[in-house]
Amino acid sequence: MATIVFTRALERFLPVPTVEVEGETLDAALAAVFTAQPGLRSYILDDQGALRRHINIFINDRPVRDRIRLSDPLGPDDEVYVIQALTGG
Amino acid sequence: MSDRIHVGTHKGLFELGRRNGGWDIVDTAFLGEPVSAVLDTGERTYAALDLGHFGTKLWRREGGGDWREIGVPTFPPQPEDAADDPHPWTLGKIWALEPGGKGDRLWAGTMPGGLFRSDDGGDSWSLIEALWTMPERRQWWGVAGGEQPGIHSVLVHPEVPADIRVGVSVAGLWASTDEGATWNIINQGMYNEYMPPGQQGDPIAQDIHRLARCRAHPEVMWCQHHNGVFRSEDSGANWREVTAIRPSKFGFAVAAHPTDPDTAWVVPAIKDEKRIPVDGKVVVARTRDGGESFDVLSHGLPQRHAYDLVYRHALATDGEGRRLVFGSTSGGLWISEDAGDSWHTPEMRLPPVNVTRFAGA
């Protein structure tokens, strides 16, 4: 089971506890998260299901490669970090 | 007369009410979050939050109850034959939010330029496909205050809910008389100074900043355009430039008197690249004779070293045309009780203001 950790910046909108999910790809793992928490999907993905422009995902210490279809493979002990780019103002 | 003003800013929503004979902030919501649109129907209040990283979200409050997140306009899957669309099939920002005049209907105008309709008070939305997929939309280019075209004005005929006019930044005025099933671009008489000579009058090349309509005389519309102020007496089909505008013809906002077709207000600024008040003086220009002449109103407004700019949704009048409010990029907020003759500012320093709106208007 991969572990998914979400940026704390999301906590002001909705609960985002760290979760462990099944999934052989990032897309499958996120789909499992969104099944349990449908309202979270639109905070991470855009209307076409791609990663939002200023959201990044790291699988262990590597940034996700496929931002459109999220097809990056996941291993059973992978740690996935969903973070936001920092912009000011 | 409305006793409630909503002010959507770069860092939250502020509600002003009457207190001790004046105006004061009586409620705040979404502190720290950008609010791009607000609507108060009298029963429900809506706020669009432009969360940037996390996308745009729409919240609703029933009466004076709690806010809760509701549905948001969402684009359908992008088909293969639209893969070359220069604009994204994903919601950027909600830029206009208007009641539909029929049951729980609402209209939302957005960046990148989609128009959406809800018939259940905002719980669910559908894209108006006829406007989004028409070939002419590929000509909607320009930066619209961001990176995309945007629908900033949605004017629903007060007696005919099926009749809608939408203003598109850098792409003219589009009309439908069948609830959005079919569309035509209709604006004649405007001009775009920056196009090649033969194309300056092309309707689709017009950078309409904002549209306003006289509710009691819906055939009368006003337009603050990139190149000047225009007025129509036939629901937007033909426009005449209002050349008496002073001290400048440039600006973003316009408000129409709800019952007097000859009265409207704009907030002039130095045109084009500079976009600051003329001579460092914040003024409001008002016409009461259909644009033949203007009063430049400044009583109570800063007249020295003032660099406030007023965005296109940041000027509003109430349902009677006596009360007005406008907010600025510098966080200034001014309210008039006398149709603009005099202005006062409550004690507050707000974040940059995106939108102001009276409840019920």
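**Exercise 1. Cysteines of chain B**

Work out why C214(B) forms no disulfide in this predicted model.

*Solution.*
Step 1: start with distance. The closest cysteine sulfur to that of C214(B) belongs to C223(B), and it lies 16 Å away, which is too far for a bond.
Step 2: bring in the cut-off, which asks for two cysteine sulfur atoms within 2.5 Å.
Step 3: turn to the other residue. C223(B) takes part in no disulfide either, its nearest cysteine sulfur being that of C214(B) at 16 Å.
Step 4: widen the search. Over all chains, the whole structure contains 0 disulfides.
Step 5: add the surroundings. C214(B) has a relative accessible area of 0% and is buried; C223(B) is buried too, with a value of 0%.

**Exercise 2. A sheet and its edges**

Find the strand order in the open sheet of 4 strands in chain B, and say which strands stand at the edges.

*Solution.*
Step 1: read the order. In chain B the strands run 16-17-18-19, and the pairing is antiparallel.
Step 2: look for strands with a single partner. These are strand 16 (208-213) and strand 19 (240-241), so each has one side without a neighbour in the sheet.
Step 3: examine one of those edges. Strand 19 of chain B is held to strand 18 (residues 228-232) by 2 bridges, with the two strands antiparallel.
Step 4: go down to residues. R231(B) has R240(B), in strand 19, as its bridge partner.

**Exercise 3. Aromatic pairs**

Classify the ring pair of Y43(A) and F54(B) as stacked, tilted or edge-to-face, then do the same for F30(B) and W59(B).

*Solution.*
Step 1: set the scene. Over all chains there are 13 aromatic pairs.
Step 2: take Y43(A) and F54(B). Their ring centres are 6.2 Å apart and their planes meet at 50 degrees, so this pair is tilted.
Step 3: place this pair. It crosses between chains: Y43(A) is in helix 2 (residues 41-44) of chain A, while F54(B) is in the loop between strand 5 (44-50) and strand 6 (56-62) of chain B. Both Y43(A) and F54(B) are buried.
Step 4: take F30(B) and W59(B). With 5.4 Å between centres and 65 degrees between planes, they are edge-to-face.
Step 5: place that pair as well. F30(B) sits in the loop between strand 3 (22-29) and strand 4 (35-40) of chain B, and W59(B) in strand 6, so the contact ties together parts 29 residues apart in sequence. F30(B) is buried at 15% relative accessible area, and W59(B) is likewise buried at 15%.

**Exercise 4. Charges over rings**

Identify the residue that lies over the face of Y43(A) and the one whose charged end sits over W132(B).

*Solution.*
Step 1: for Y43(A), the residue is K57(B), at 4.2 Å from the ring centre.
Step 2: for W132(B), it is R137(B), with its charged end 3.4 Å from the ring centre.
Step 3: see what else W132(B) does. Ring pairs link this residue with F75(B), W89(B) and F116(B) in a cluster.

**Exercise 5. The contacts of T287(B)**

Describe the setting of T287(B) and the polar atoms around its side chain.

*Solution.*
Step 1: locate the residue. T287(B) belongs to strand 22 (residues 284-287) of chain B, and at 0% relative accessibility it counts as buried.
Step 2: list the contacts. Its side chain makes a polar contact of 2.9 Å with that of D289(B), and a polar atom of the T287(B) side chain lies 2.8 Å from the backbone oxygen of S293(B).
Step 3: check the confidence. Chain B has a mean pLDDT of 94, and 98% of its residues reach 70 or more.

Note on methods:
Residues numbered from 1 in each chain as written. Chains lettered and ligands numbered in written order. Predicted model: local features only at pLDDT ≥ 70, side-chain atom pairs only at ≥ 80, totals over all residues. Heavy atoms only, no water. Buried < 20%, exposed > 50% of the residue type's maximum accessible area, 1.4 Å probe, protein only. Pairing = 2+ DSSP bridges. pLDDT = per-residue confidence, 0-100. Phe/Tyr/Trp six-rings, centres within 6.5 Å; stacked < 30°, edge-to-face > 60°. Lys NZ or Arg CZ within 6 Å of the ring centre and 35° of its normal. Polar contact = N/O pair within 3.5 Å; in protein donor to acceptor, adjacent residues only side chain to side chain.
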